[in-house]
Amino acid sequence: MSQTNGRPKLSEKGLLTPDNCVVTLIDHQPQMLFGVSNFDRQTIINNVVALAKATRVFDIPVILSTVETKSFSGNLWPQLQAVFPGRTPIERSSMNSWDDENFVAAVKKTGRKKIVLAGLWTETCVALPTVQAIHDGYEIYVVEDCCGDVSQLAHDNAMKRVIQAGAKPVTSLSVMLEWQRDWAHRDTYDAVMDIAKSHYGAYGIGVEYAHTMIHGAPATTFPEYVVPGVQRHG
């Protein structure tokens, strides 16, 4: 098997690989999350951060974009910014990121035709660029559990629309596992397991149990919690 960036090159045949896609994270901002009512909002944060971490593990190009930061939507979530320290999102006024020349130019610069796309809200900031990018010859994978909308109807209609246009619905976990593909790929195994333990509930706890109780591995150690603003003496 050939190597790419030190990793085994995966077969494509219609699947995502770390070498054939770009990830776009659109409008993950406070005001946009406030309006979501179809899905648990803390879970959306969790899933977006997990997907973002996976892009770091597999060296996937990522495009961050925000809309009307100062006048309405607020800054990119700090949990997401922490995964990409120093990165400045592409700022837009348009609801449709495909109307923004800087956003489209950033996608084109990657040279990749598969876009793994997530954003808020599904009916506008996800559906509109998805439909137009497909029209322009891109293949879109909408990460549904990293999206949300003002109602269940709005989200469901948006997903029907993008699927009818040709988009593929995926989840943050399915995308990460598609990039990993083979547990024998040890260079990314530990990092993928770390994301699973941190973000994927029963799956992560099951991994921890299997590693420690069945295989005798040492327990996972997470960073010690430090109470902000509290100084300990003595």
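**Entry 1: the salt-bridge network**

I started with the charged side chains and found K114, E139 and K168 linked in a network of salt bridges. A reminder to myself before going on: this is a predicted model. How many salt bridges does the structure hold? I noted 4.

I took the network one pair at a time. E139 forms a salt bridge with K114, and their closest N and O atoms are 2.9 Å apart. That pair links distant parts of the chain, with E139 in strand β7 (residues 139-143) and K114 in strand β6, 25 residues apart. E139 also meets K168 in a salt bridge, where the closest N and O atoms are 3.3 Å apart. K168 lies in strand β8 (residues 168-170) and E139 in strand β7, so this pair ties together parts that are 29 residues apart in sequence.

Next I asked myself whether K114 is buried or exposed. K114 has a relative accessible area of 11%, so I wrote it down as buried, the cut-off being under 20%. E139 has 23% relative accessibility and counts as partly exposed. K168, at 33%, counts as partly exposed too.

**Entry 2: a salt bridge between helices**

I then moved on to E208 and K197, whose side chains meet in a salt bridge at 3.5 Å, N to O. Which elements does this pair link? I found E208 in helix α10 and K197 in helix α9, 11 residues apart, and the pair links distant parts of the chain. For E208 I noted a relative accessible area of 18%, which means that it is buried. K197 comes out at 23% relative accessibility, so it counts as partly exposed.

**Entry 3: the end of α10**

I stayed with helix α10, which covers residues 201-214 and includes I214. I214 is exposed, with a relative accessible area of 59%. Which residues make a nonpolar surface patch with I214? I have Y209 and M213 down as its partners, and the patch is about 380 Å².

**Entry 4: S172 and its neighbours**

I looked up S172 next and found it in helix α8 (residues 172-180). At 1% relative accessibility, S172 counts as buried. What does S172 touch, leaving out residues up to four places away in sequence? My list reads N47, L51, V143, D145, C146 and Y200. I also checked S172 against V48: the two are 124 residues apart along the chain, yet their C-alpha atoms are separated by 7.3 Å.

**Entry 5: the cavity**

I went looking for enclosed space. Rolling a probe the size of a water molecule over the atoms shows where empty space is left. How many cavities of 30 Å³ or more does the structure hold? I counted 1, and the largest cavity has a volume of about 70 Å³. Its lining is made by R7, P8, L10, P18, F58, W179, Q180, H185, D187 and T188. The elements that give two or more residues to this lining are β2 (7-8), α8 and α9 (186-199). Helix α8 is familiar from my S172 entry, as S172 is found there.

**Entry 6: backbone checks**

I finished with the backbone. Which residues does a cis peptide bond join? I found L120 and W121, with omega about 0°. W121 sits in the loop between β6 (114-119) and α6 (122-135). Strand β6 is also where I placed K114 of the salt-bridge network.

Then I turned to phi. K13 has a phi near 50°, a positive value in a residue other than glycine. Its place is in the loop between β2 and β3 (21-26). With a relative accessible area of 81%, K13 is exposed.

E68 also went into the notebook, with phi near 45°, again positive in a residue other than glycine. I found E68 in the loop between β4 (62-67) and α3 (69-73). Is E68 buried or partly exposed? Its relative accessible area is 31%, so I wrote partly exposed.

Conventions. Residues are numbered from 1 along each chain as its sequence is written. This is a predicted model: local features need pLDDT of at least 70, side-chain atom pairs count only at pLDDT 80 or more; totals for chains, interfaces and linings use all residues. Side-chain values use heavy atoms; hydrogens and water are left out. Helices (H or I, at least four residues) and strands (E, at least two) are DSSP runs, numbered from the N terminus. Buried means under 20% relative accessible area, exposed over 50%, partly exposed in between (1.4 Å probe, protein chains only). Contact means heavy atoms within 4.5 Å. Patches are made of residues with over 30% relative accessible area and no salt bridge: like charges are joined within 9 Å, nonpolar side chains (Val, Leu, Ile, Met, Phe, Trp, Tyr) within 5 Å. Accessible areas come from the Shrake-Rupley method with a 1.4 Å probe; for residues, only the protein chains shown count as cover. On a 1 Å grid over the protein atoms alone, a cavity is a set of points where a 1.4 Å probe fits but cannot get out, and a pocket is an open set with protein on both sides within 12 Å along at least five of seven lines; lining residues have an atom within 4 Å of a point. Grid points are joined across faces, edges and corners, and a volume is the space filled by probe spheres set on the points.
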